[in-house]
Amino acid sequence: CLHGGGESANSFRNQQGMQDLIYGLPEFEFLFPESPLQNNIWWNDPPNKDSPTDDPNHAQESIQYLKNYINDNGPFSTILGYSQGVPMSLVYLATGSYNFDNVLLFNGYLPTTHLGLISVIDANSPFAQSTLIFIAQDDTYFYQIGLEVKNKFTSYTELISTSAGHALPTQSDANFQSVVNF
């Protein structure tokens with residue numbers, strides 16, 4: 001389970017929607033690696049949106065960290081990403097370092113201010129894993145850009161919440177049971 005940018009693994013684990021998901025799926029073990037970079041981001045932001053990065057290895061430190069984490073703690077059937085954890089999941093999938101059966105993506109986006117990372121994703125997509133994409137209409141900054149994530153997959157289920165914000169769906173969300181069923 002890959003946390004969002006600036007969020008710790010522990011705060012992600014304790015997010016209400018994550019707690020509800022863990023409770024709703026007691027047969028699964030959820031592990032939460034924490035970004036190796038300062039400020040709990042998976043890669044550094046560009047200087048500004050008008051000056052995107054172009055290095056395809058921009059996330060290399062996090063990719064190597066995840067490879068080691070998975071080798072030490074796996075095997076895993078599923079990767080789950082939230083917010084910045086979504087594009088990190090996509091970049092990791094694009095490296096072909098590990099073949100997950102399922103991909104769960106919550107409130108995410110494509111890293112459009114990182115041209116090198118987008119080129120890595122584009123060169124290795126569409127991805128064939130069974131994928132669930134959750135976005136929320138009330139997620140002010142990420143709803144519109146979240147609609148593009150599905151274009152990187154051949155097989156996906158897209159759920160759009162009318163009540164959630166920038167968070168995983170809680171038990172009260174109309175989409176929660178669909179997430180658990182997936």
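Which residues does Gly165 touch, not counting residues up to four places away in sequence? In this predicted model, the list is Asn107, Ala136, Asp138 and Asp139. Gly165 itself sits in the loop between E4 and H7. Its relative accessibility is 24%, so Gly165 counts as partly exposed. For a sense of scale, take Trp42: its C-alpha atom is 22 Å from that of Gly165, and the two residues are 123 apart along the chain.

## The nonpolar cores

Let's go inside. The largest nonpolar core has 30 residues, and the members that touch the most others are Met88, Val91, Leu105 and Phe153. Several elements chip in with at least two residues each: helix H3 (60-73), helix H4 (85-95), strand E2 (102-106), helix H5 (115-124) and strand E3 (130-136). The top contributor is H4, with 7 residues.

Met88 is a good one to click on. Leaving aside its neighbours within four places in sequence, Met88 is in contact with Leu2, Trp42, Trp43, Ser62, Ile63 and Leu66. There is also another core, apart from this one, made of 21 residues, including Phe32, Leu80, Ala164 and Leu168.

Now have a look at H5. Its buried residues include Gly116, Leu117 and Ile118, and Val120 and Ile121 are buried there too. What do the buried residues of H5 pack against? They pack against H4.

## The salt bridges

How many salt bridges does the structure hold? There are 2. In one, the side chains of Asp122 and Lys152 meet, at 2.5 Å from N to O. Asp122 belongs to helix H5, while Lys152 is in the loop between helix H6 (143-146) and strand E4 (156-161), so this pair ties together parts that are 30 residues apart in sequence.

Are these two partners buried or exposed? Asp122 has a relative accessible area of 38%, which makes it partly exposed. Lys152 comes out at 13%, so it counts as buried, since the cut-off for buried is under 20%.

In the other salt bridge, the side chains of Lys150 and Glu158 meet, at 3.2 Å from N to O. With 24% relative accessibility, Glu158 counts as partly exposed.

## The pockets

Time for the empty space. Here are the two pockets to look for:

| Pocket | Volume | Nonpolar lining residues | Polar lining residues | Charged lining residues |
|---|---|---|---|---|
| Largest pocket | about 560 Å³ | 20 residues | 3 residues | 1 residue |
| Second largest pocket | about 470 Å³ | 9 residues | 6 residues | 3 residues |

The largest pocket has about 560 Å³ of space. Of the 24 residues that line it, Glu29, Phe30, Ser77, Thr78 and Ile79 are the closest to its centre. Which elements give two or more residues to this lining? They are H3, strand E1 (78-82), E2 and helix H7 (176-181). You have met H3 and E2 already, as both also supply at least two residues of the largest nonpolar core.

The second largest pocket is lined by 18 residues. Nearest its centre lie Lys49, Tyr109, Thr113, Phe142 and Ile145.

Note on methods. Residues numbered from 1 in each chain as written. Predicted model: local features only at pLDDT ≥ 70, side-chain atom pairs only at ≥ 80, totals over all residues. Heavy atoms only, no water. Core = buried A, V, L, I, M, F, W, Y, C linked by side-chain atoms within 4.5 Å. Buried < 20%, exposed > 50% of the residue type's maximum accessible area, 1.4 Å probe, protein only. Helix = DSSP H or I, 4+ residues; strand = E, 2+ residues; numbered from the N terminus. Contact = heavy atoms within 4.5 Å. Salt bridge = Lys/Arg side-chain N within 4 Å of Asp/Glu carboxyl O. 1 Å grid on protein atoms, 1.4 Å probe; cavity = no way out; pocket = protein on both sides within 12 Å on 5 of 7 lines; lining within 4 Å. Points joined across faces, edges and corners; volume = space filled by probe spheres on them. Nonpolar A, V, L, I, M, F, W, Y, C, P; charged D, E, K, R; others polar.
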